[in-house]
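Visitor: Could you take a close look at one part of this model for me, and then follow wherever the side chains lead? I'd like the numbers along with the picture.

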Amino acid sequence: MKKKIGFILVLVVIAFLVMGAVSAGLFDFLGSGNNNNSTRVANNNTTFIVGFDAEFPPYGYKNGSEYVGFDLDLAREVCNRNNWTFVAQPIDWDAKDAELNSGSIDCIWNGFTINGREKNYTWSEPYIDNKQVVVVKSDSGIKSLADLKGKNVETQKDSSALHALQGDNKTIGDSFSNLVQVADYNTAFMDLKSGACDAVAIDIGVAQYHVNSDNSTGNFVILNETISSEQYGVGFKLGDTQLKDQVQKTLDEMFADGTVTKIAQNYTEYGVPGSLIQK
């Protein structure tokens, strides 16, 4: 009888051990469906995927076969300092939230406006003070925002300029004959050049890129009046504070040792150094 009881006890202990192992594996499996960005912070040699609009110079754009830009340069340096593998992932701007929430990207880092989105993402500290401006053809005769009354104006979908013209500065937008949303600013500038629209509402850095580019020199001008001003930050999935904190810590170090300013100087013609929010 004692042997039988002992055998049963052994079986019970084994059963508990098996159940514990299965439970741990089950919890690990269930946990694997969550966004594991916070795990990245504790690991070296891991991938950091930056989502960006590939047609948003000077912050992120394609130059030949290479993706370049001020924000991508910052992200690349952050990866270098954390021993992460940097991946620049171009995305459809309309699908940015789906990309972020699915874990396809780790952050949105591309001239990304904080204002009006404060509760939608976990944000880094702002690092750029950006203005929304209007670009017109040099010979258009348009000199001020008031001159846009009755004109056809284009801007990018879900852009800061669009939000401003439909929000705090709706009075300006309502004065246009049409406010048309296009997929990207390259399309808007082709329309401006062809006469399909009269003006483009756009971020100052992107505007300066197009105005100063070789194929546009002398064709376009930026109006002196601004539509609005905003701040750029890095947007992480809501609640992903651990990854945000590590990136912010690295950015702070880069500001302190002058690296951010040095990178910005590569984009002087686009006004980036003057837009930096110094720490």
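Visitor: Let's begin with a single acidic side chain: does D174 count as buried or exposed, and at what relative accessibility?

Guide: D174 counts as exposed, at 53% relative accessibility. That is a value from a predicted model, as is everything else I'll quote. The cut-off for exposed is over 50%, so at 53% D174 qualifies. Its side chain meets that of K170 in a salt bridge, at 2.9 Å from N to O. K170, for its part, counts as partly exposed because its relative accessibility is 40%. Both residues belong to helix 6, which runs over residues 170-174, and they sit four residues apart, so about one helical turn separates them. The general background is simple: an α-helix has 3.6 residues a turn, so residues three or four places apart point the same way.

From there, on to the other salt bridges. The structure holds eight of them. In one, R117 pairs with D158, and the closest N and O atoms are 3.8 Å apart. This pair links distant parts of the chain, the two residues being 41 residues apart. D158 is in the loop between strand 9 (152-156) and helix 5 (160-166), while R117 is in the loop between strand 6 (107-108) and strand 7 (122-123). The two ends have their own labels: D158 is partly exposed because its relative accessible area is 23%, and R117 is buried because its value is 8%.

Another salt bridge joins K244 and D245, with the closest N and O atoms 2.8 Å apart. K244 counts as buried at 18% relative accessibility; D245 is partly exposed, with a relative accessible area of 42%. There's also a network: E77, R81 and D257 are joined into one by salt bridges that share partners.

E77 and R81 turn up again where two helices pack. Helix 3 and helix 9 (residues 241-256) have their axes 10 Å apart and meet at an angle of about 105 degrees. That angle is why helix 3 is called roughly perpendicular to helix 9. On the helix 3 side, the contact is made by L74, E77, V78, R81 and N82. Helix 9 brings Q246, V247, T250, L251, E253 and M254.

Helix 3 itself passes a geometry check. It has 13 residues (70-82), and at 1.5 Å a residue they should span 18 Å; the end C-alpha atoms are 19 Å apart, which agrees. Its buried residues are F70, D71, L72, D73, L74, A75, V78, C79 and N82. Just after the helix comes N83, with a positive phi of about 60 degrees.

F70 takes us to the aromatic side of things. The structure holds 15 aromatic pairs. One of them is Y59 with F70, an edge-to-face pair at 6.4 Å centre to centre and 70 degrees between the planes. Y59 lies in the loop between strand 2 (55-56) and strand 3 (60-63) and F70 lies in helix 3, so the pair ties together parts 11 residues apart in sequence. Y59 and F70 are both buried.

Then there's Y209 with Y270, a tilted pair at 5.4 Å centre to centre and 55 degrees between the planes. Y209 is in helix 8 (residues 204-212) and Y270 in the loop between helix 10 (259-264) and helix 11 (272-275), so here the parts tied together are 61 residues apart in sequence. Y209 counts as partly exposed, at 21% relative accessibility, whereas Y270 counts as buried, at 10%. These two pairs come together in a bigger picture: F56, Y59, Y61, F70, Y185, Y209, Y232, Y267 and Y270 form one aromatic cluster.

One last stop is I227, placed in the loop between strand 12 (220-222) and strand 13 (228-232). I227 is buried because its relative accessible area is 5%. In sequence I227 and V133 are 94 residues apart, yet in space they are 5.6 Å apart, C-alpha to C-alpha. If you leave aside neighbours within four places in sequence, I227 is in contact with Q132, V133, V134, L145, A164, L165, N169 and A201.

Key
Residues are numbered from 1 along each chain as its sequence is written. This is a predicted model: local features need pLDDT of at least 70, side-chain atom pairs count only at pLDDT 80 or more; totals for chains, interfaces and linings use all residues. Side-chain values use heavy atoms; hydrogens and water are left out. The expected span of a helix is 1.5 Å times one less than its number of residues. Buried means under 20% relative accessible area, exposed over 50%, partly exposed in between (1.4 Å probe, protein chains only). Rings of Phe, Tyr and Trp (its six-membered ring) pair if their centres lie within 6.5 Å; planes under 30 degrees apart count as stacked, over 60 as edge-to-face and the rest as tilted. A salt bridge is a side-chain nitrogen of Lys or Arg within 4 Å of a carboxyl oxygen of Asp or Glu. Axes are lines fitted to C-alpha atoms, for helices over the stretch in contact, and angles run from 0 to 180 degrees between N-to-C directions. Angles under 35 degrees count as roughly parallel, over 145 as roughly antiparallel, 65 to 115 as roughly perpendicular and the rest as oblique. Contact means heavy atoms within 4.5 Å.
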